[in-house]
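Trainee: I am new to this structure and would like to learn how to read it. Could you walk me through a few features?

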Amino acid sequence: MAVCVVWRLLRLWGVEERIGLWSLVLIAFNPLLVGLSVWVMSESVFLMILLLAIWTLERGHRSSSCVNGLRWTLVAGFLGAAAGLTRTAGLLLLPAGGLW
C-alpha cells in the first residue's frame, strides 16, 4: 500500500513516469521493507501513516479552493497526530508540517 501512496506523491510532484516506476521498484523490493512486512511492528504502520500525512499535506497545499485546502490540511494534522502516537519520531511531523 505504501507503494501506491509513493506513486501518488511522485505523480503529484511531477516526477517523470520512468523515474517514478524505478522508484517504486526500489521501494517494493527494498530488503528492509520486505523484512518488516512479515513482522507485526509499529514501523510499517508508521511508514504508511507518515506517507499519507505527507500526501494529504501536499494535496492541501496545492488545493485551489481555501475550504478544500483546509480540509486536506486538517486530515494531514490528524494523520500527523496518529503518526506521533504510533512512534515518537512522528512528533517531529507536526512542526515540520506547520513549516511546509
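Mentor: Let's begin with a pair inside one helix, bearing in mind that this is a predicted model. Glu58 and Arg62 both sit in helix α4, and because they are 4 residues apart, about one helical turn separates them.

Trainee: What do Glu58 and Arg62 form?

Mentor: Here is the general idea: side chains of opposite charge can pair when their charged atoms come close. In this case Glu58 and Arg62 form a salt bridge, with their closest N and O atoms 2.4 Å apart.

Trainee: Is Glu58 buried or exposed?

Mentor: Glu58 has a relative accessibility of 4%, so it counts as buried. Its partner Arg62, at 46%, counts as partly exposed.

Trainee: How many salt bridges does the count come to?

Mentor: The count comes to 2 salt bridges. Besides the pair we just met, the side chains of Glu43 and Arg87 meet at 3.3 Å, N to O. Glu43 belongs to helix α4, while Arg87 is in the loop between α5 and α6, so this pair ties together parts that are 44 residues apart in sequence. Glu43 is partly exposed at 26%, and Arg87 is partly exposed at 31%.

Trainee: Now the nonpolar residues, please. Which residues make up the largest nonpolar core?

Mentor: In soluble globular proteins, nonpolar side chains tend to be buried together. Here the largest nonpolar core has 10 residues, including Leu24, Met48, Leu51, Trp55 and Trp72. Helices α1 and α4 each supply at least two of its residues, and α1 gives the most, with 5.

Trainee: Which residues does Leu51 touch?

Mentor: Leaving aside residues up to four places away in sequence, Leu51 touches Ala2, Val5, Val6 and Leu9. There is also a second, separate core of 6 residues, with Ile49, Ala53, Ala83 and Leu93 among them.

Trainee: Which residues form a nonpolar patch on the surface?

Mentor: Trp22, Val25 and Phe29 do, and together they have about 380 Å² of accessible area. Trp22 is found in helix α2, which covers residues 17–28. With a relative accessible area of 57%, Trp22 is exposed.

Trainee: One last feature: how many disulfides does a search of the whole structure find?

Mentor: A disulfide needs two cysteine sulfur atoms within 2.5 Å, and the search of the whole structure finds 0. As for individual cysteines, Cys4 is exposed at 54% relative accessible area, and Cys66 is exposed at 69%.

How values were computed: Residues numbered from 1 in each chain as written. Predicted model: local features only at pLDDT ≥ 70, side-chain atom pairs only at ≥ 80, totals over all residues. Heavy atoms only, no water. Buried < 20%, exposed > 50% of the residue type's maximum accessible area, 1.4 Å probe, protein only. Patch = residues over 30% accessible without salt bridge, like charges linked within 9 Å, V, L, I, M, F, W, Y side chains within 5 Å. Areas by Shrake-Rupley, 256 points an atom, 1.4 Å probe, with all protein chains shown as cover. Salt bridge = Lys/Arg side-chain N within 4 Å of Asp/Glu carboxyl O. Core = buried A, V, L, I, M, F, W, Y, C linked by side-chain atoms within 4.5 Å. Contact = heavy atoms within 4.5 Å.
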